[in-house]
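User: Could you give me a close look at one hairpin here, and then follow the strands and the helix around the chain? I'd love a connected walk-through.

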Amino acid sequence: MTTESAPRSYGHWTKPKTAGLLGLSAIGTAILFVGAGFSVIVTMTSNILNGIITATVFGLFLMTVAVKDKHGQSLLTRVTTQLGWMATKGQGTHIYRSGPLGRAEWGTVQLPGLAAGSRLTEWRDSYNRPFALIQIPMTSDYTVVVGTEPDGAALVDREQVDVWVAEWGMWLASLGDEPGIEAVSVTIETAPDTGTRLRREVTSRIDPNAPEFAKTLLNDLVEQYPAGSATIKAYVAITFTAAARAGGKKRTPEEMGRELASRLPGLTQSLSATGAGATHPLSAQELCEVIRVAYDPAAARLIDDANAAGDTPELYWPEVGPTAHQANWDSYRHDSAVSVTWMMSGAPRGNVPSSILARLLAPHRDVARKRVTLLYRPIDAAKAAAIVEADVSASTFNVQSTNKPTARNLTATRAAVATAQEEADGAGLVNFGLLVTATVTNQAQEADAKAAIDNLSATARLRLRIVHGSQDSAFAAALPLGLVLPKHLRIPSEVRDQL
């Protein structure tokens with residue numbers, strides 16, 4: 001007699017919070033005390049009217065920090081974002097023109113924005129496989145991109161899916177022990193199939209002596225099948241820091257290439273056990289094709305046709321960017337397409353099954369190209385313990401600071417305690433986020449694409465919001481380039497989260 005166990009669910013993710021009074025953050029509480037103290041000083045040195053005016057000014061400023069929308073954005077953050085966008089438009093930096101008539105250096109078509117200074121080299125690992133190495137000089141980061149072929153969950157036992165999820169969790173936890181790893185991103189891209197690979201496979205296997213009816217039937221299938229099919233590609237970008245340790249000497253691209261050549265086989269082999277299927281590092285040519293097609297989807301058919309004919313297009317890193325782009329408040333126009341990028345402002349509440357993102361990752365008829373990118377930043381084991389204990393202390397203080405704690409505060413406290421217990425038992429700690437990019441080839445389809453992503457986010461129980469004023473940067477961050485966004489912020493992310 002066999003008993004079937006209930007499906008497993010996953011959860012207990014928490015957003016770090018600081019202790020504060022009256023539901024305020026640490027910065028809000030500091031503003032409250034400074035305003036109260038300064039108002040008392042003004043009242044004592046002047047008169048009560050001036051004290052009331054001072055308290056009112058501090059109170060209004062405190063409201064801009066305390067009042068937040070459903071995405072956790074304060075009024076102060078929204079106002080500063082709008083002002084920053086107005087300054088960007090005033091300077092004209094939201095428009096990019098490259099090529100011989102553009103402003104790009106040497107008349108090239110280099111990548112814009114955060115990836116403008118990136119450099120690409122190619123090396124060979126200990127298995128003699130070529131791999132591309134992206135260097136971001138601004139942040140002293142190096143990125144290796146691994147191409148995967150996920151097996152999918154179709155006709156797979158639930159026990160096997162649970163094993164894959166467990167292996168993925170252990171792979172993420174092991175990143176905290178890997179020296180020099182700064183971040184990891186997983187990109188799942190769905191796009192319409194051009195039919196080139198299918199045509200090449202079928203035509204090469206047709207017997208010249210076969211009946212005409214059979215050959216006609218196969219040719220009709222080759223012409224009609226790609227019209228409704230889609231390709232799904234997955235990439236894992238692993239970003240390493242140039243310094244082997246905090247405060248250490250920064251390594252050169254040659255030193256990083258030699259070191260990663262020996263480490264890459266182990267990382268790809270352990271990744272295969274997570275359900276990623278066959279894994280291989282992308283060569284420089286393959287990575288150039290991926291980025292070129294992302295910025296100009298119209299080039300996909302040309303590149304596929306050239307590869308099918310055996311004439312591999314020679315692409316170079318200074319030529320894979322867009323010839324022109326224009327970043328708008330809530331959209332991004334680049335070459336032959338228009339894209340909109342969302343960011344995750346809230347993870348699913350409660351426990352969820354392993355298939356929670358299935359519909360979001362699947363192809364959609366209203367979105368020509370869809371890119372879902374999971375961003376991970378592993379936390380060193382030495383820092384993880386202090387972080388989880390600080391979360392427990394902050395959540396406990398928030399509960400005890402009021403006579404009637406809310407249900408969310410109680411739930412946050414239980415989740416923080418559970419996370420601290422799991423970390424004490426040896427689990428790893430990882431910061432994660434999510435970006436979703438929807439690309440259409442006709443601007444008239446933009447509204448349909450936005451409605452489609454809104455519906456898909458509801459099925460995934462995610463809270464998504466459009467990245468206002470930074471669509472070009474968000475688009476680049478969703479690509480397998482290894483961009484670590486917190487390193488490109490003028491205001492530290494710890495301070496921004498409190499605002």
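**The hairpin and its surroundings**

Analyst: Happily! Asparagine 128 takes a positive phi near 65° in the hairpin of S2 and S3, where 5 residues lie between the strands. This is a predicted model, in which local features need pLDDT of at least 70 and side-chain atom pairs pLDDT 80 or more, while totals for chains, interfaces and linings use all residues. Residues are numbered from 1 along each chain as its sequence is written, and side-chain values use heavy atoms, without hydrogens or water.

The hairpin's two arms, S2 (residues 119-124) and S3 (residues 130-136), run antiparallel and are joined by 6 bridges; strands are DSSP runs of E with at least two residues, helices runs of H or I with at least four, numbered from the N terminus, and two strands pair if DSSP finds at least two bridges between them. Arginine 119 has glutamine 135 in S3 as its bridge partner.

Another positive phi, about 75°, belongs to glycine 92, just after H3. That helix (residues 75-91) has 17 residues and reaches 25 Å from first C-alpha to last, close to the 24 Å expected, taking 1.5 Å times one less than its number of residues.

Further along, S5 (residues 181-192) has 11 of its 12 residues buried, so the rest of the structure largely encloses this strand; buried means under 20% relative accessible area, exposed over 50%, partly exposed in between, with a 1.4 Å probe and protein chains only. S5 runs antiparallel to S6 (residues 230-241), with 11 bridges, and threonine 187 stands opposite tyrosine 235 in S6. S5 also runs antiparallel to S11 (residues 369-378), with 7 bridges, and there valine 184 stands opposite tyrosine 376.
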